[in-house]
Amino acid sequence: MTKKLILLFILTVTIFSCKKEVKSEHQKLNVVTTTSMITDLIKNIGGDLIEVNGLMGSGVDPHLYKASEGDVTKLINADAIFYNGLHLEGKLVEVFEKMEHQDIKTIPVGESLDKSILIGSDYFASNYDPHIWFSVENWKNITAYVIKTLKEIDPKNAEAFETNGKKYISQLNTLENKLETIIATLPKEKRVLVTAHDAFSYFGQAYGFNVVGLQGLSTATEAGVQDVQKLANFIIEKEVKAIFVETSVPKRTIEALQAAVKSKNHEVTIGGTLFSDALGNPETKEGTYIGMFEYNVNTIVNALK
């Protein structure tokens, strides 16, 4: 966040702290979300009862996202802000820290998970892998936490949040069963997933995939020549059939890896594009968490068979 935006933030807080009024019984809760996965989750639970403003759209990389002036205004006007946490939104952390002293509830949903089920990392700011949504079980736990939190913030709509939430958890259970059926068609020895950055470890842990990312947990770190050559050797050794591009990461990193494999007289195809740090376009099936996950698994399994 630039010094200009920090100054704007302070000035806006000063103005709105005096003007913010208590909502009437009929006004909707104003919720701001960061990633598109969280936006989709809040909409499923809140339905028409809350106003949801997502900051990050399709193809947006949360690791590198910087708040705009418009974002600061949205955040200041919010009744509650739901974000991933675990330092996924690295460049927004400063904003959320400043809001702790304002009458705005900030909720890092990822930090509601028991630390024992998080994947540790000595190379990431939070010391944990923040890509928690790639475990459906994690997402069900987060859904339960969001239901509880929304009920506390907006008790008049508690019953509706509970009903919507239970329906959504049922849909997540159905998704889990469907994913397991699809993955069961891929032999275990072929379950090697090579992607642009290390976003799929929770997926690998849940479904028995060996997951390797060219970049680290954050896209802010660039892959070097040695990283590319090392992974190219791994692909050849494991006879990996396909590697994958990600919608929120430039395609050139995977194309460089493919070229490195070819330079060693081997071939590896690009098996498709996966949604990693953002959902697809809002009007598509992949614009929902459930649709995105099913699409990803079908793309992976079909390419690696």
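Trp133, Phe134, Trp139, Phe200, Phe203, Tyr207, Phe209, Tyr289 and Phe293 come together as one aromatic cluster. That makes a pleasant place to start a tour of this model, which is a predicted one.

**The aromatic cluster**

The count of aromatic pairs comes to 10. One of them joins phenylalanine 203 and tyrosine 207, whose rings sit 5.3 Å centre to centre with 50° between the planes, a tilted arrangement. What separates these two along the chain? Both belong to helix H7 (residues 201-207), and being 4 residues apart there, they are separated by about one helical turn. Phenylalanine 203 also pairs with phenylalanine 209: the ring centres are 5.0 Å apart and the planes meet at 40°, so this pair is tilted. Phenylalanine 203 and phenylalanine 209 are both buried. For phenylalanine 203 the relative accessibility is 2%, while tyrosine 207 is buried with a relative accessible area of 9%.

**The parallel sheet**

Turning to the strands, 4 of them form an open sheet with parallel pairing, in the order E2-E1-E3-E4. Its edges are strand E2 (50-54) and strand E4 (105-108), each of which pairs on one side only. On average, neighbouring strands of this sheet are turned by 20° against each other, direction ignored. Strand E1 (residues 29-33) and strand E3 (residues 80-83) run parallel and are joined by 3 bridges. Within that pairing, valine 31 has alanine 80 in E3 as its bridge partner. Helix H2 lies across E1, E2 and E3, and runs at about 175° to E2.

**Isoleucine 45 and threonine 143**

Helix H2 (residues 36-46) is also where isoleucine 45 is found. Is isoleucine 45 buried or exposed? It is buried, with a relative accessible area of 0%. Beyond its neighbours within four places in sequence, isoleucine 45 touches Thr143, Val146, Ile147, Leu150, Ala160, Phe161, Asn164 and Gly165. The chain also brings isoleucine 45 and threonine 163 to a C-alpha separation of 8.2 Å, although they are 118 residues apart in sequence.

Threonine 143, one of the contacts of isoleucine 45, lies in helix H5 (residues 136-153). Threonine 143 counts as buried, at 0% relative accessibility. Again leaving aside neighbours within four places in sequence, threonine 143 is in contact with Leu41, Ile45, Gly165, Tyr168, Ile169 and Leu172.

**Two helices and their buried sides**

In helix H3 (residues 69-77), the buried residues are Asp71, Val72, Leu75 and Ile76. Why do they share a side of H3? They cover an arc of only 135° around the axis, which puts them on the same side of the helix.

Helix H8 (residues 225-238) offers a neat check on helix length. Its 14 residues should span 20 Å at 1.5 Å a residue, and the end C-alpha atoms are indeed 20 Å apart, which agrees. The buried residues of H8 are Val228, Leu231, Ala232, Phe234 and Ile235. Seen down the axis, the buried residues of H8 fall within an arc of 160°, so they line one face of the helix. On the other side of H8, the exposed residues are Val225, Gln226, Lys230 and Glu237. What covers the buried residues of H8? The covering elements include strand E5 (192-197), strand E6 (210-215), strand E7 (242-246) and helix H9 (252-263).

**Positive phi angles**

Some backbone angles are worth a look as well. Glutamate 239, just after H8, takes a positive phi. Leucine 86 and asparagine 265 also have positive phi values, and neither is a glycine. The table gathers the three residues.

| Residue | Phi | Location |
|---|---|---|
| Glutamate 239 | about 55° | just after H8 |
| Leucine 86 | near 55° | loop between E3 and helix H4 (93-99) |
| Asparagine 265 | near 65° | loop between H9 and strand E8 (269-274) |

The two loop residues have contrasting surroundings: leucine 86 is buried, with a relative accessible area of 3%, whereas asparagine 265 counts as exposed at 73% relative accessibility.

Definitions and conventions:
Residues numbered from 1 in each chain as written. Predicted model: local features only at pLDDT ≥ 70, side-chain atom pairs only at ≥ 80, totals over all residues. Heavy atoms only, no water. Buried < 20%, exposed > 50% of the residue type's maximum accessible area, 1.4 Å probe, protein only. Helix = DSSP H or I, 4+ residues; strand = E, 2+ residues; numbered from the N terminus. Arc of directions from axis to C-beta. Contact = heavy atoms within 4.5 Å. Expected span 1.5 Å × (residues − 1). Phe/Tyr/Trp six-rings, centres within 6.5 Å; stacked < 30°, edge-to-face > 60°. Pairing = 2+ DSSP bridges. Axes fitted to C-alpha atoms, helices over the stretch in contact; angles between N-to-C directions.
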